[in-house]
Amino acid sequence: MIAGRTARRQRALSAAPTLERPGAAWAVPGLLFFAVFALAPMVGVLYLSLTSWDGLSTPQFTGLSNWSRFLTDGQVLQSTAVTGALLIGNILVQAPISILLGVWSAGRQRNRAVLSAVFFLPLLLSTAATAVMWQQLLDPNFGLPAHLTWLFGNASPLGSQSGAVACLVLVTSWQFVPFHSLLYQGAARAIPETLYQAAAIDGAGRVRQFFHITLPQLRNTMITSTTFMVVGGLTAFDIVLLLTNGGPGTDTAILPFMMYQTAFRTYDYGYASAIASFLLLLATGASVLLTRLSGYDRMTGTLEGL
């Protein structure tokens, strides 16, 4: 009888349809889209970085002259430092707030759903509208600094480098924390409830459950969110243009803003292309390094038994 059952099971397994990986032809549309809209522009920018071009005449090949100028430009070093400061500041502010708000909003209570909708409203606004609104709020004549002198003093918060960088971090976090909170909200709701029930039986409170269950289960989401922050921080431009215009002086002139100034103010598209190429390499390298160090490229699961 046991032999008969084994034979029937083997026949059923052999008759079951086998899942095969899709052929290479399925990747052709995606590869064509990437080649036309991503790879070709990147190759064009790399070529322009080796030329001298004012946007109108024919580009003149100059070799590595733009890159030699780039490596000895003091403004590049300052802009890179400001870009790094904004990037680190955004991660340090946005990551913990997004995790806490996302986990909290994953609750099933009705009041949390209503408050979550309110908290996510900044995500619906454009960056231009956000920058103009905060520029008015931070105006030292009639904005918040005029009524909160104990906090801002008598000077404009945008009048110093530290104050301007802090304001940029504040405004950027206010706008994009809802986006990252949505990521954590979806990930938190996907955590099996049985894990919390077992922990409660063992006597673990909410704090221990958060640090020993919730955070480990959000690991992959943390990596995804941080990658978005890194790439977004290295390519941010409009908020700096509209809120500080790179000021005071050039204290908040991040690399994308410097690229814009070089291309559309001095019409030196060759040198601007070198800055754009450096940004491309920096963003790609940072995202790949983050993925490699975190082990996210292996796409390992975090749910027990799955």
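What does the accessible surface of the chain come to, and what share of it belongs to carbon and sulfur atoms? The accessible surface is about 18,500 Å², and 68% of it belongs to carbon and sulfur atoms; such areas are obtained by the Shrake-Rupley method with a 1.4 Å probe, and for residues only the protein chains shown count as cover. The structure is a predicted model, in which local features need pLDDT of at least 70 and side-chain atom pairs count only at pLDDT 80 or more, while totals for chains, interfaces and linings use all residues. Residues are numbered from 1 along each chain as its sequence is written, and side-chain values use heavy atoms, with hydrogens and water left out.

The chain contains 15 helices and two strands, these being DSSP runs numbered from the N terminus (H or I of at least four residues for helices, E of at least two for strands). Of its 306 residues, 34% count as buried; buried means under 20% relative accessible area, exposed over 50%, and partly exposed in between, with a 1.4 Å probe and protein chains only. Contacts, defined by heavy atoms within 4.5 Å, often span the sequence: among those between residues at least 6 apart, 67% join residues at least 24 apart.

The interior may be considered next. A nonpolar core is a set of buried Ala, Val, Leu, Ile, Met, Phe, Trp, Tyr and Cys residues joined through side-chain atoms within 4.5 Å. The largest one has 17 residues, and those with the most contacts inside it are Leu86, Leu168, Ile239, Val240 and Ile254. Helices H4 (74–105), H6 (127–137), H9 (161–189) and H13 (238–243) each supply at least two residues of this core, and H9 gives the most, with five. Leaving out residues up to four places away in sequence, Ile254 touches Ser79, Val82, Thr83, Leu86, Ala236 and Val240. Another core lies apart from this one; it has 10 residues, among them Tyr184, Ile191, Phe210 and Leu218.

Helix H9 merits a closer look. The expected span of a helix is 1.5 Å times one less than its number of residues; for the 29 residues of H9 this gives 42 Å, and the end C-alpha atoms are 41 Å apart, which agrees. H9 nevertheless has a kink of about 40° at Phe176, shortly before the proline Pro178, where a bend is the angle between axes fitted to the seven residues ending at a position and the seven starting there. Val169 lies in H9 and counts as buried because its relative accessibility is 10%. Beyond its neighbours within four places in sequence, Val169 is in contact with Leu86, Gly89, Asn90 and Val93. Ser173, also placed in H9, is buried at a relative accessible area of 6%. With residues up to four places away again excluded, Ser173 touches Asn90, Val93, Gln94 and Pro178.

Helix H2 (residues 28–48) also bends, by about 40° at Ala35. Its 21 residues reach 28 Å from first C-alpha to last, close to the 30 Å expected. At the end of this helix, Leu48 is 9.6 Å from Ser277, C-alpha to C-alpha, although the two are 229 residues apart in sequence. Ser277 is found in helix H15 (residues 269–294) and is buried, with a relative accessible area of 1%. Apart from residues up to four places away in sequence, Ser277 touches Val45, Leu46, Ser49 and Trp67.

Charged side chains provide a further link. A salt bridge is a side-chain nitrogen of Lys or Arg within 4 Å of a carboxyl oxygen of Asp or Glu, and by this rule the count is one. It joins Arg69 to Asp268, whose closest N and O atoms are 2.7 Å apart. The partners come from distant parts of the chain, 199 residues apart: Arg69 belongs to helix H3 (residues 65–71), and Asp268 to the loop between helix H14 (255–264) and H15. Arg69 is partly exposed at 39% relative accessible area, whereas Asp268 is buried at 19%.

The loops hold some backbone features. Most residues other than glycine have a negative phi, and most peptide bonds are trans. In the loop between H13 and H14, Asn245 has a positive phi of about 55°, while the peptide bond from Gly247 to Pro248 is cis, with omega near 0°. Tyr267, in the loop between H14 and H15, likewise has a positive phi, near 55°.
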